[in-house]
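Hi,

Here is the structure we talked about. Please have a look, then read my notes below.

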Amino acid sequence: QVQLVESGGGLVQAGVSLRLSCAASGRTFSDYAMGWFRQAPGKEREFVAAISRSGSRTYYADSVKGRFTISRNNAKNTVYLQMNSLEPEDTAVYYCAAASRTRGLAFTSPYTDDYGYWGQGTQVTVSS
């Protein structure tokens, strides 16, 4: 089992930055590709960003490309989501996820079915 705990959410104004963290425990962190997803009220959960096991490969949703950066520190068992130039449309609950099984070193995925472990979520609210 993998346990994930997100932190760093909050209420901010449009245009500012915020960094989310996700601390993992339970298994070898570097065995798992990681992802960030978000869910706004009344909408389905959507992919935000993913990172491979080593951190060498990343993948972003078009809506956040150029504004958000995913990174990981395997020594600290933590994955991050740096969010810059936040917009009201970024308002959502943000979830950290770990791949359901160990894949190749370059593996990343935007699909929720590839992730078997989820955090409880952290709220990000961006006011205009």
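Which pattern does the protein follow, read along the sequence? It runs β-β-β-β-β-β-β-β-β-β-β. That is 11 strands and zero helices. Keep in mind that this is a predicted model.

Overall shape: the protein has 128 residues and a radius of gyration of 13 Å, which agrees with the value near 14 Å for a compact globule. Its C-alpha atoms fill a box of roughly 40 × 25 × 25 Å along the principal axes. Take the contacts between residues at least 6 apart in sequence: 60% of them join residues at least 24 apart.

Inside: buried residues account for 45% of the 128. The largest nonpolar core holds 35 residues. Leu 4, Met 34, Trp 36, Val 79, Leu 81, Met 83 and Tyr 94 have the most contacts within this core. Several strands give two or more residues to the core, among them strand 3 (18-25), strand 4 (34-39), strand 8 (78-83) and strand 9 (92-99).

What does Met 83 touch, leaving aside its neighbours within four places in sequence? The partners are Val 16, Ser 17, Leu 18, Leu 20, Arg 67, Phe 68, Tyr 94 and Val 124. Tyr 94 is also on the list of core residues with the most contacts.

Outside: the protein exposes about 6300 Å². Carbon and sulfur atoms supply 45% of that area.

Charge: there are 13 positive and 10 negative side chains. The centres of the two sets lie 8 Å apart.

Best wishes

Notes
Residues numbered from 1 in each chain as written. Predicted model: local features only at pLDDT ≥ 70, side-chain atom pairs only at ≥ 80, totals over all residues. Heavy atoms only, no water. Helix = DSSP H or I, 4+ residues; strand = E, 2+ residues; numbered from the N terminus. Rg over C-alpha atoms; globule rule 2.2 N^0.38 Å. Buried < 20%, exposed > 50% of the residue type's maximum accessible area, 1.4 Å probe, protein only. Contact = heavy atoms within 4.5 Å. Areas by Shrake-Rupley, 256 points an atom, 1.4 Å probe, with all protein chains shown as cover. Lys, Arg positive; Asp, Glu negative; His and termini not counted. Charge placed at Lys NZ, Arg CZ, Asp CG, Glu CD. Core = buried A, V, L, I, M, F, W, Y, C linked by side-chain atoms within 4.5 Å.
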